Amino acid sequence: MPPKRKSDGAAASTTKKGKKASPVPDEDLSLSRHPRWAKVSASGNSDAAYRELLRDPEYAYAWLTACKQLLENGTLEGEDDEDDEDEEGKNDPHCDGGATCPCMDPVAEHPEAKYCISRAGMQRFNMVREMFQYRDPDTFGMYTFNDASAYGLLEVMENQILDFEEAHKNWKAQWAVCEAVAMYIGADEFPALGHVDDPDTREKFLGLLGKMFLTMLDKLASMDLLNTDSEVKDLAVVMTMFVQNSQKLGQYGLYFPEDFPINVLAYALKHDIVLSELLEVDKFVKDHSEEAAGVSLPALDSNRNDPWKFADALKQYRSSKRPNKMGGDAYDITTWTSAKRKANAFDKRNDPCPKHMIDALKKGMFIGLG
Ligand SMILES: [Zn+2]
């Protein structure tokens, strides 16, 4: 494990005065296909497009406005419009995914906007959604095996953790992972993870996800970026989503470590970050501030590496993954052989991914899924 703190620390010190720190040039972000993906893989194509986006840091890490509804419901399509007419939504502008609302406009155009997200974070969220669809047998009208979508979702999320780890020299890329994960754990399909039939795997995985975010917060704090003047404009938004969405999952048998939201709140209190008016977080803040204020967070020290033991947890999780390795695209149905797809198709005869689709994937194109 290379030392994480050093490279980011150096970047922070050279840009201390300026608000706009440039990300560390990252040689890992290459156009070449990541070895994690199969030769023909819709996931691989989505990933390549995302890496392409990151090659223009100024564009990728620009801040875009986001409506409250978008952040709370995780949809740009307006699918949930009708459900949003509740009493507390009345004062918020109607969100239609940017058609008439300010969603995805540069923040400079909407100084009044309360919420924002980075373009990279939003694109990653969309990529995560796509990647789940590629693994969901329903997408292709197939029946594969019980809980296929649960394991598919786990695989997609594992890839997020691997991406976070691989981007250790580029905190902006890491933050984008956190933004997307914060939103996605609140998405409609996420509770499918509860069908992973091994509670130990579920628990270890969510513990790892929690450590990832706490590691991120520690890193931002060490770079003097965890404060109200931070260039990271959606700190409060992302912290709020982690606090609330992680707790909501308990009803589906998905438990983050009990102290996870308390620790996030502890970081917020220590660094004067007021959690956002999202997801009714107020009650949690009121009920747990005293406890959170008493948490002793790892003290900042530039020599320390990995105060939340993320690397250890990742190593442990990796070694516990059997029979499949962590992440990758084994559950992505587009990576399967035609014979395997046919065998799992409803009619057992026709490949749910026709030849023209596979040919398009080979050319690096996307497939439109309804
Ligand atoms: Zn909107």
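Exposed residues are those with over 50% relative accessible area, and buried residues those under 20%. The legends below describe close-up views of a predicted model.

**View 1. A salt bridge between the exposed residues Glu277 and Lys114.**
Both Glu277 and Lys114 are exposed. Their side chains form a salt bridge in which the closest N and O atoms are 3.1 Å apart. The contact joins distant parts of the chain, with Glu277 in the loop between helix H10 (260-270) and helix H11 (282-293) and Lys114 in the loop between H4 and E2, 163 residues apart. A search of the whole structure finds 14 salt bridges, to which the next two views also refer.

**View 2. A salt bridge between the buried residues Arg135 and Glu155.**
The side chains of Arg135 and Glu155 meet at 2.7 Å, N to O, in a salt bridge. The pair links distant parts of the chain: Arg135 belongs to helix H5 (residues 119-135) and Glu155 to helix H6 (residues 148-166), with their positions 20 residues apart in the numbering. Both Arg135 and Glu155 are buried, whereas Glu277 and Lys114 of the preceding view are both exposed.

**View 3. The Glu231–Lys172 salt bridge and a network of linked pairs.**
Glu231 and Lys172 form a salt bridge through their side chains, at 3.5 Å from N to O. Distant parts of the chain are again linked, since Glu231 lies in the loop between helix H8 (199-222) and helix H9 (235-248), Lys172 lies in helix H7 (residues 171-184), and the two are 59 residues apart. Glu231 has a relative accessible area of 16% and is therefore buried. Lys172 is likewise buried, because its relative accessible area is 13%. Elsewhere, salt bridges that share partners join Arg36, Asp47, Arg51, Arg124, Asp163 and Glu166 into one network.

**View 4. The zinc ion and its four cysteine donors.**
The protein donors of the zinc ion are the SG atoms of Cys67, Cys95, Cys101 and Cys103, which lie 2.3 to 2.4 Å from the ion. The arrangement is tetrahedral, because the four donor atoms subtend angles of 101 to 117° around the zinc ion. For four tetrahedral donors, the ideal angle at a metal is 109.5 degrees. Along the chain, the donors of the zinc ion follow the spacing C-x27-C-x5-C-x1-C. Cys67 and Cys95 link distant parts of the chain: Cys67 is in the loop between strand E1 (63-65) and helix H4 (68-73), and Cys95 is in the loop between H4 and strand E2 (116-118), 28 residues apart.

**View 5. Burial of the zinc-binding cysteines and the disulfide count.**
Cys67 counts as buried because its relative accessibility is 5%. Cys95 is buried as well, with a relative accessible area of 6%. For Cys103, the relative accessible area is 3%, so this residue is also buried. With a disulfide taken as a pair of cysteine sulfur atoms within 2.5 Å, the count comes to zero disulfides.

**View 6. Glu179, a buried acidic residue without a salt bridge.**
Glu179 is found in helix H7. Glu179 is buried yet has no salt bridge. The nearest side chain of opposite charge is that of Arg124, 8.0 Å away, and Arg124 itself is part of the salt-bridge network named under View 3. Leaving out residues up to four places away in sequence, Glu179 touches Trp63, Ile117, Ser118, Gly121, Asp234 and Val238.

**View 7. Ser230 in the loop between H8 and H9.**
Ser230 is placed in the loop between H8 and H9. Its relative accessibility is 10%, so Ser230 counts as buried. Residues up to four places away in sequence aside, Ser230 touches Leu225 and Leu235. The C-alpha atoms of Ser230 and Leu220 are separated by 9.3 Å, these residues being ten apart along the chain.

**View 8. Asn350 in the loop between H13 and H14.**
Asn350 is found in the loop between helix H13 (338-344) and helix H14 (355-362). With a relative accessibility of 46%, Asn350 counts as partly exposed. Apart from its neighbours within four places in sequence, Asn350 is in contact with Lys342 and Ala345. Asn350 and Ala339, eleven residues apart in sequence, have a C-alpha to C-alpha separation of 9.3 Å.

Conventions: Residues are numbered from 1 along each chain as its sequence is written. This is a predicted model: local features need pLDDT of at least 70, side-chain atom pairs count only at pLDDT 80 or more; totals for chains, interfaces and linings use all residues. Side-chain values use heavy atoms; hydrogens and water are left out. Donors are N, O and S atoms within 2.8 Å of the metal (3.2 Å for Na, K and Ca); water is not among the atoms, so sites may look incomplete. Four donors count as tetrahedral if all angles lie between 85 and 135 degrees; four count as square planar and six as octahedral if opposite donors are over 155 degrees apart and all others between 65 and 115; anything else is irregular. Helices (H or I, at least four residues) and strands (E, at least two) are DSSP runs, numbered from the N terminus. Buried means under 20% relative accessible area, exposed over 50%, partly exposed in between (1.4 Å probe, protein chains only). A salt bridge is a side-chain nitrogen of Lys or Arg within 4 Å of a carboxyl oxygen of Asp or Glu. Lys and Arg count as positive and Asp and Glu as negative; His and the chain ends are not counted. Contact means heavy atoms within 4.5 Å.
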